[in-house]
Amino acid sequence: MNQELDFVKEMFDKIAPQYDFLNRLLSMRRDVYWRKEMVKAAKLESDAAVLDAACGTCDVGLEVSRVLKGKVLITGLDFSFGMLALGKKKLNRPPGRAIALVNGDALNLPVKNQQFDAGFMAFGIRNIMNRIGAMKEFHRTLKPGGRIIILELTTPPKGLMRRLYLLYFQKILPLIGSFFSKHGNAYAYLPESVLKFPDPVSFASQMKAAGFKEIRFKEMTLGIVTLFVGIKL
């Protein structure tokens with residue numbers, strides 16, 4: 001494991017206890033809406049098998065289970081034991097959801113070929129240097145006709161919204177995040193990682209390079225997040 005990956009893993013382990021709270025606070029609860037749109041985009045049917053990579057505390061898996069009323073096989077994978085521990089606690093609360101949790105690497109998914117109908121990744125792909133490699137792993141594990149659905153923070157186009165966003169993202173958000181999480185590096189790393197993430201058209205090209213077809217994307221909340229969908233034909 002390289003030094004940068006070690007840093008990211010340690011960071012997520014440390015911020016795990018405040019992760020859900022800060023997601024809601026810093027996004028003004030828009031993250032709940034974004035995940036709902038993500039699950040809708042998968043167009044899942046009952047008895048589907050889905051993979052949620054970089055699952056964090058299982059918010060996406062729980063939304064899938066809620067929509068399909070538990071009639072779905074869900075595997076949640078994350079490299080952070082801290083995140084998985086928090087996710088397990090949420091799964092054990094009433095009414096309880098059957099989601100299999102796996103500690104693993106998105107670049108080397110410990111699952112068989114053509115196992116899933118859909119693969120999700122919310123706010124995780126920007127933390128992976130080899131993005132095409134990670135998406136090739138998704139492609140390998142999806143059934144023909146399966147969908148990859150990626151939700152990621154993006155930077156709005158040039159203009160007033162971009163300037164206001166950068167002011168909030170680079171100055172205000174790190175202060176709020178470090179105050180509540182007691183881990184200053186995490187919320188300084190966040191804006192840096194988002195600003196380095198490719199624009200939607202460029203990232204869609206990376207999805208194509210990984211083997212996906214019929215790629216489309218939708219910018220939401222004035223472009224601060226983008227939802228990407230591709231199909232394995």
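Two strands count as paired if DSSP finds at least two bridges between them, and strands, like helices, are DSSP runs numbered from the N terminus, with at least two residues (E) for a strand and at least four (H or I) for a helix. The model is predicted, so local features need pLDDT of at least 70 and side-chain atom pairs count only at pLDDT 80 or more, whereas totals for chains, interfaces and linings use all residues. Residues are numbered from 1 along each chain as its sequence is written, and side-chain values use heavy atoms, with hydrogens and water left out.

**The sheet**

Begin by selecting the strands: 7 of them form an open sheet with mixed pairing, in the order β3-β2-β1-β4-β5-β7-β6. At the edges stand β3 (99-103) and β6 (213-220), each with a single partner strand, so one side of each has no neighbour in the sheet. From one strand to the next the twist averages 15°.

Now select strand β1, residues 48-53, in which 6 of 6 residues are buried, buried meaning under 20% relative accessible area, exposed over 50% and partly exposed in between, for a 1.4 Å probe and protein chains only. In a regular strand the side chains alternate between the two faces of the sheet. Both faces of β1 are covered, with A48, V50 and D52 buried on one side and A49, L51 and A53 buried on the other. Add β2 (residues 72-78), which runs parallel to β1 and is joined to it by 6 bridges; D52 has G76 as its bridge partner in β2.

Next, show β4 (residues 116-122) with β5 (residues 142-153), a parallel pair that is also joined by 6 bridges, and find G119 opposite I148 of β5.

**Helices α5 and α8**

Bring in α5, which lies across β1, β4 and β5 and runs at about 145° to β5; axes here are lines fitted to C-alpha atoms, for helices over the stretch in contact, and angles run from 0 to 180 degrees between N-to-C directions. Then select α5 (residues 131-141) together with α8 (residues 200-209), whose axes come within 8 Å and cross at roughly 50°. The two helices are therefore oblique to each other, the class left over when angles under 35 degrees count as roughly parallel, over 145 as roughly antiparallel and 65 to 115 as roughly perpendicular. To inspect the contact (heavy atoms within 4.5 Å), display R131, I132, M135 and K136 in α5, which meet F203, Q206, M207 and A209 in α8.

**Individual residues**

Move to I231 in strand β7 (residues 225-231), which counts as buried because its relative accessibility is 11%. The C-alpha atoms of I231 and I148 are 6.3 Å apart, although 83 residues separate them along the chain. Leaving aside neighbours within four places in sequence, I231 is in contact with G145, G146, R147, F212, K213 and E214.

From there, select E214, in strand β6, a residue other than glycine with a positive phi near 50°; E214 is exposed, with a relative accessible area of 53%. A positive phi of about 60° is also found at L222, likewise not a glycine, in the loop between β6 and β7, and L222 counts as exposed at 63% relative accessibility.

Finish at S80, in the loop between β2 and α4 (81-91), which counts as buried at 0% relative accessibility. Apart from neighbours within four places in sequence, S80 is in contact with F12, D13 and N103.
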